[in-house]
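Student: I would like to go through this structure and ask how each label is earned.
Tutor: Fine; here it is.
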Amino acid sequence: MSEFEPEWLYLREPADAAARATELVDPLRDFLPADFVVRDLGCGTGSLGRWLAARLPGTQHWILHDHDTELLSHAQASLPGTALDGSPVDVVAEQRDITALRAADLAGTSLVTASALLDLLTRDEITALATAVVEAGCAALFMLSVTGKVELSPADPIDPALAAAFNAHQRRVTEDGRRLLGPNAVDVAATAFGRLGAKVVRADSAWRLGPDQAELQRQWLEGWVGAAVEQLPQLRPVADVYLQRRLEMAAAGELHAVIHHGDLLVLPPSLEVAA
């Protein structure tokens, strides 16, 4: 299943919500004014907005960006109507290329957010995004970017080879010539913002999938192994057997998986941030 299909995005939403680094929300609240604009980049079905809007006080104006009009429709209809303190939340949707955003496009914006996005960008795209955010004086909250570390229990001798191939796939060059950052994205983004003088706070945001999430385990395993084999086709014979074995374990409630991600909170250079 494509990582952008609504069914997959809804399936992963509870795991996303449980993984998000809640400790980054308090310093963000301290920065935001009583009435503010949020731009959610690559919003998907709106899961980050559903999670975050109700955790922030103040009147909120969400602008959702995605290239997929179906996802935008889902997202716009599903954000909460009230904030943490009961203030109103309104939502508009804009289909646009988020890699083309510059500081002028962010005028009047207090917060830029994104979930599971940074690892899909290139070094130049992240540098341009960091420049736009800092020049516009915005805060930014980037959540659930893959970092490449996966822990499966019980372990299997094939795990490391599949993980390495998957990570290489995440760093692949796309058909249009873009080299994705994949697991390097969080480090690259933190460095880019830091060089511009912004205050950066990092946090881990790992999925922790147990026996009660067998369907999510199944779909994640199929995608993880599938990407690894696409990157390194010679793995296919052993990977097919491995996948069947792992799927049987997931169905039997015998598999535990920790899939690590990273979250970043970025605040303008003039602000102090508690570590």
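Tutor: Start with a definition: a nonpolar core is a set of buried Ala, Val, Leu, Ile, Met, Phe, Trp, Tyr and Cys residues joined through side-chain atoms within 4.5 Å. Buried means under 20% relative accessible area, exposed over 50%, and partly exposed in between, with a 1.4 Å probe and protein chains only. The model is predicted: local features need pLDDT of at least 70, side-chain atom pairs count only at pLDDT 80 or more, and totals for chains, interfaces and linings use all residues. Residues are numbered from 1 along each chain as its sequence is written, and side-chain values use heavy atoms, with hydrogens and water left out.

Student: Which residues have the most contacts inside the largest nonpolar core?
Tutor: They are Leu52, Trp62, Leu111, Trp207 and Trp224, in a core of 60 residues. Helix H8 (residues 214–231) gives the largest share, 8 residues. Another core, of 29 residues, lies apart from it and includes Leu41, Leu117, Ile126 and Val188. In soluble globular proteins, nonpolar side chains tend to be buried together.

Student: What makes tryptophan 224 buried?
Tutor: Its relative accessible area is 2%, and the limit is under 20%, so tryptophan 224 counts as buried. Tryptophan 224 lies in helix H8; helices (H or I, at least four residues) and strands (E, at least two) are DSSP runs, numbered from the N terminus. Leaving aside neighbours within four places in sequence, its contacts (heavy atoms within 4.5 Å) include Val150, Leu152, Phe166 and Tyr242.

Student: Why is the protein called as compact as a globular protein of that length?
Tutor: The radius of gyration, taken over C-alpha atoms, is set against the globule rule, 2.2 Å times the number of residues to the power 0.38. The protein has a value of 19 Å, close to the 19 Å that the rule gives for 275 residues, so the description holds. The protein has 9 helices and 8 strands, and 52% of its 275 residues count as buried.

Student: How do you know that helix H5 has close to the expected span?
Tutor: The expected span is 1.5 Å times one less than the number of residues. H5 (residues 123–136) has 14 residues and reaches 20 Å from its first C-alpha to its last, close to the expected 20 Å. Its buried residues, among them Ile126, Leu129 and Val133, pack against strands E1 (35–41), E4 (111–115) and E5 (139–153) and helix H7 (185–195). Glycine 137, with a positive phi near 75°, follows H5.

Student: Is alanine 116 buried or partly exposed?
Tutor: Alanine 116 has 22% relative accessibility and therefore counts as partly exposed. Alanine 116 lies in the loop between E4 and H5 and has a positive phi of about 55° although it is not a glycine. Leucine 144, in strand E5, also has a positive phi, about 60°, but with a relative accessible area of 1% leucine 144 is buried.

Student: What makes a polar contact at serine 87?
Tutor: A polar contact is a pair of N or O atoms within 3.5 Å; within protein, one must be able to donate a hydrogen and the other to accept it, and residues adjacent in sequence count only if both atoms are side-chain atoms. The side chains of serine 87 and aspartate 85 make such a contact at 2.9 Å. Serine 87 is in the loop between helix H4 (69–78) and strand E3 (89–95), and its relative accessible area of 15% makes it buried.
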